[in-house]
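This briefing covers how protein and DNA meet in one model, and how some helices pack. The sequence and structure come first, then the points grouped by topic.

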2 protein chains.
Amino acid sequence: MSRELRAKVLQGEYADGQQLPTEAELSQSYGVSRQTVRRAFQDLVADELVYRVPGRGTFARSPRHGYVRQIGSIDDLMGLSEDTGLEVVDPLQRQVDLISAGRLRLGSDVVYRARFLRIHDGSAFCSTTVYLPPDVGRQLGAVEELTTRGATTTFTIIGLLEKRLGVQIAEAQQSITVASADDELAQALGCRVGHPLLRIDRLYLNGNGDGLELAVSHFLPEQYSYRISLRRST
Amino acid sequence: MSRELRAKVLQGEYADGQQLPTEAELSQSYGVSRQTVRRAFQDLVADELVYRVPGRGTFARSPRHGYVRQIGSIDDLMGLSEDTGLEVVDPLQRQVDLISAGRLRLGSDVVYRARFLRIHDGSAFCSTTVYLPPDVGRQLGAVEELTTRGATTTFTIIGLLEKRLGVQIAEAQQSITVASADDELAQALGCRVGHPLLRIDRLYLNGNGDGLELAVSHFLPEQYSYRISLRRST
DNA sequence: CAGTGGTCTAGACCACCCC
DNA sequence: GGGTGGTCTAGACCACTGA
């Protein structure tokens with residue numbers, strides 16, 4: 001039920017800041033309790049797809065009213081590899097990893113993991129570890145570029161996901177912070193151990209809110225800065 | 001109850017990924033129902049302060065405690081100070097600064113500069129230096145909170161700009177990278193010299209593309225991570 | 001197996017909004 | 001007032017974990 005509601009909102013069913021059905025209406029039409037509806041709404045509010053005003057109702061976040069969220073679109077992320085190469089350091093393989101499995105909101109502890117280096121002008125400036133849910137990982141296991149150590153590609157993983165698996169990425173959640181280079185990262189990036197790195201985690205979700213990919217990247221700050229532009233729409 | 005629990009987690013009561021009490025235990029010790037405990041946990045999970053594994057338990061997120069905030073629109077930037085305090089370290093004053101003047105695309109070398117500390121839960125987690133064009137700086141010079149060293153406020157500069165000067169901020173350009181703490185920053189933030197910091201530069205523009213404010217912030221990465229959510233426009 | 005969190009139901013009272 | 005969401009209670013069943 002929460003899936004369906006989320007999908008409806010993402011598909012623009014209630015665009016223009018329209019009012020959504022009330023909790024009572026939804027609980028009746030879906031045949032669930034009001035608490036279940038509330039639980040679904042909590043997630044939508046947390047993701048800022050919807051806002052609620054006590055005593056008035058629930059409204060879809062509209063791009064037309066007030067401020068627009070983000071410019072710095074998912075398509076921009078997908079274009080990241082256009083002028084950079086991706087080299088396979090650790091091929092895609094099955095792995096038990098509690099933390100990444102949790103962040104992908106999986107039921108199990110099993111993920112598929114691969115590690116890459118991003119190359120620009122002949123030098124590595126970023127190390128990326130990609131975690132995939134088991135079903136996604138299995139399907140991408142057939143892609144030669146991901147299973148051959150040392151292979152290089154200009155694909156992005158999300159590009160592959162959309163093209164080969166036909167899934168649609170609707171959302172990306174990013175978290176940006178600072179990390180220190182450990183032995184492995186220092187060797188991969190050619191910096192000293194302890195060197196400060198820009199760490200960017202990206203969680204890609206489909207329209208139902210299922211995690212499709214978790215990418216943990218460490219950038220050399222000397223060669224990369226993250227730029228984003230926020231715009232107000234009038 | 002949710003407040004107390006959150007405070008305990010933030011204060012590192014369960015640091016090192018320790019296991020938290022179970023829902024049953026908490027509901028008994030606080031004298032509330034299990035659903036109330038669950039509701040409190042949902043917020044902690046949403047803020048990534050805690051993660052849960054079905055059948056195993058609830059665990060504090062490893063070493064990273066402190067302040068997590070989702071920023072995805074200009075509105076969010078303006079609301080940043082809602083639950084943080086801003087302390088004036090250097091009051092607003094006229095200054096010659098070629099670099100910041102250039103970034104504000106001014107014709108002259110004169111800017112107005114002020115320096116702040118962002119406080120959360122009694123500790124500084126961010127140092128911000130704000131640069132304003134001369135005309136803007138002059139008009140804000142009348143604001144007492146900005147000219148008194150040691151004063152604290154919950155305003156944001158851009159909030160003041162929009163309210164007092166009636167200007168409209170149409171765009172914000174951000175650049176995120178890593179910087180090392182110099183003497184001044186180390187002292188202000190209470191870290192060692194050379195400590196890696198998350199540096200976020202924000203340039204606010206009006207609809208004509210004129211620079212209204214340049215804010216250079218250095219965050220303690222242990223207490224702050226920058227989160228943003230991108231959504232595909234349909 | 002007992003214990004964990006995940007999900008759900010069916011009620012309740014409240015503060016708030018708007019008519 | 002009647003309708004909205006905010007909060008809470010007291011149960012229930014499930015899938016999964018770990019010993």
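A polar contact here is a pair of N or O atoms within 3.5 Å. The model is a predicted one. In it, 20 residues surround DNA strand C and 21 surround DNA strand D. Two helix pairs are also described, one being H1(A) with H3(A) and the other H2(B) with H3(B).

**DNA strand D**

- A backbone N or O atom of Ser33(B) lies 2.7 Å from a phosphate oxygen of DNA strand D.
- Ser33(B) is among the closest residues to this strand, together with Gln35(A), Arg38(A), Thr36(B) and Arg56(B).
- Of the strand D atoms that come within 4 Å of the protein, 63% are accounted for by sugar and phosphate.
- Bases of strand D are approached from both chains: a polar side-chain atom of Arg34(A) is 2.9 Å from a base nitrogen, and one of Gln35(B) is 3.0 Å from a base oxygen.
- The surface near strand D draws at least two residues from each of H3, strand E1 (50-53) and strand E2 (57-60) of chain A, and from H3 of chain B.
- By residue class, that surface has four nonpolar, 10 polar and seven charged residues.

**DNA strand C**

- The closest residues to DNA strand C are Ser33(A), Thr36(A), Thr22(B), Gln35(B) and Arg38(B).
- Sugar or phosphate makes up 61% of the strand C atoms within 4 Å of the protein, and bases make up the rest.
- Gln35(A) places a polar side-chain atom 3.0 Å from a base oxygen of strand C.
- Phosphate oxygens of strand C are approached by polar side-chain atoms of Thr58(B), at 3.1 Å, and of Arg56(A), at 3.5 Å.
- Helix H3 (34-46) of chain A, and H3, strand E1 (50-53) and strand E2 (57-60) of chain B, each supply at least two residues of the surface near strand C.
- The residues of this surface divide into four nonpolar, 10 polar and six charged.

**Packing of H2(B) and H3(B)**

- In chain B, the axes of helix H2 (residues 23-30) and helix H3 (residues 34-46) come within 8 Å and cross at roughly 110 degrees.
- Angles of 65 to 115 degrees count as roughly perpendicular, so H2(B) is roughly perpendicular to H3(B).
- The crossing of H2(B) past H3(B) is right-handed.
- H2(B) brings Glu23(B), Leu26(B) and Ser27(B) to the contact, and H3(B) brings Arg34(B), Val37(B), Arg38(B) and Phe41(B).
- Three of the contact residues are nonpolar, one is polar and three are charged.
- Arg38(B), part of this helix contact, is also one of the closest residues to DNA strand C.

**Packing of H1(A) and H3(A)**

- In chain A, the axes of helix H1 (residues 2-10) and H3(A) come within 9 Å and cross at roughly 40 degrees.
- H1(A) and H3(A) are therefore oblique to each other.
- This crossing of H1(A) and H3(A) is right-handed.
- On the H1(A) side the contact consists of Ser2(A), Leu5(A), Arg6(A) and Val9(A), which meet Ala40(A), Phe41(A) and Leu44(A) of H3(A).
- The contact of H1(A) with H3(A) comprises five nonpolar residues, one polar and one charged.

Key
Residues numbered from 1 in each chain as written. Chains lettered and ligands numbered in written order. Predicted model: local features only at pLDDT ≥ 70, side-chain atom pairs only at ≥ 80, totals over all residues. Heavy atoms only, no water. Axes fitted to C-alpha atoms, helices over the stretch in contact; angles between N-to-C directions. Helix = DSSP H or I, 4+ residues; strand = E, 2+ residues; numbered from the N terminus. Parallel < 35°, antiparallel > 145°, perpendicular 65-115°, else oblique. Left-handed = near helix turned anticlockwise from the far one by under 90°. Contact = heavy atoms within 4.5 Å. Nonpolar A, V, L, I, M, F, W, Y, C, P; charged D, E, K, R; others polar. Near = heavy atom within 4 Å. Polar contact = N/O pair within 3.5 Å; in protein donor to acceptor, adjacent residues only side chain to side chain.
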